[in-house]
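Reader: I would like a close look at a single part of this model. Please take it step by step.

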Amino acid sequence: MLVLTRRAGESVMIGDEVVITVLEARGDVIRLGIQAPRDVQVHREEVYRELQEANRAAASPTDEAVDALTRLVNDKAVD
């Protein structure tokens with residue numbers, strides 16, 4: 001992990017197109033501004049993790065769905 005010290009108004013570049021600027025530091029709260037191309041998704045970590053879990057859940061069939069599909073395939077094989 002790269003650890004940097006920045007003050008309000010100072011920025012960090014990520015690649016050629018992403019700029020993260022410290023807007024304000026007040027106590028233990030830091031406000032950041034992020035400039036990135038529209039095709040680069042930017043999420044808070046907790047939102048990103050929720051999206052990943054929702055995508056995983058949507059892509060994973062339930063046990064009931066697997067059972068129903070197995071019965072359907074087995075019924076077709078008998079015909």
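Does Leu32 count as buried, exposed or partly exposed, and at what relative accessibility?

Author: The model is a predicted one. In it, Leu32 has a relative accessibility of 48% and counts as partly exposed, because buried means under 20% and exposed means over 50%. Leu32 is found in strand β3, and the surroundings of that strand are described next.

Strand β3 covers residues 29–35 and pairs with strand β2, residues 18–26, in the antiparallel sense over seven bridges. One pair of opposite residues is Ala25 and Ile30, the latter in β3. The two strands form a hairpin with two residues between them. Gly27 lies in the turn and has a positive phi of about 65°.

The hairpin belongs to an open sheet of three strands, in the order β1-β2-β3, with antiparallel pairing. β1 (11–14) and β3 stand at the edges with a single partner strand each, so one side of each has no neighbour in the sheet. On average, neighbouring strands of this sheet are turned by 25° against each other, direction ignored.

On the other side of the sheet order, β1 and β2 pair in the antiparallel sense over four bridges. There, Ser11 has Thr21 in β2 as its bridge partner.

Back to Leu32: this residue is part of a nonpolar patch on the surface, together with Ile30, Ile34, Val40 and Val42. The accessible area of the patch is about 420 Å² together. As for side chains along a strand, in a regular strand they alternate between the two faces of the sheet.

How values were computed. Residues are numbered from 1 along each chain as its sequence is written. This is a predicted model: local features need pLDDT of at least 70, side-chain atom pairs count only at pLDDT 80 or more; totals for chains, interfaces and linings use all residues. Side-chain values use heavy atoms; hydrogens and water are left out. Two strands pair if DSSP finds at least two bridges between them. Patches are made of residues with over 30% relative accessible area and no salt bridge: like charges are joined within 9 Å, nonpolar side chains (Val, Leu, Ile, Met, Phe, Trp, Tyr) within 5 Å. Accessible areas come from the Shrake-Rupley method with a 1.4 Å probe; for residues, only the protein chains shown count as cover. A salt bridge is a side-chain nitrogen of Lys or Arg within 4 Å of a carboxyl oxygen of Asp or Glu. Buried means under 20% relative accessible area, exposed over 50%, partly exposed in between (1.4 Å probe, protein chains only). Axes are lines fitted to C-alpha atoms, for helices over the stretch in contact, and angles run from 0 to 180 degrees between N-to-C directions.
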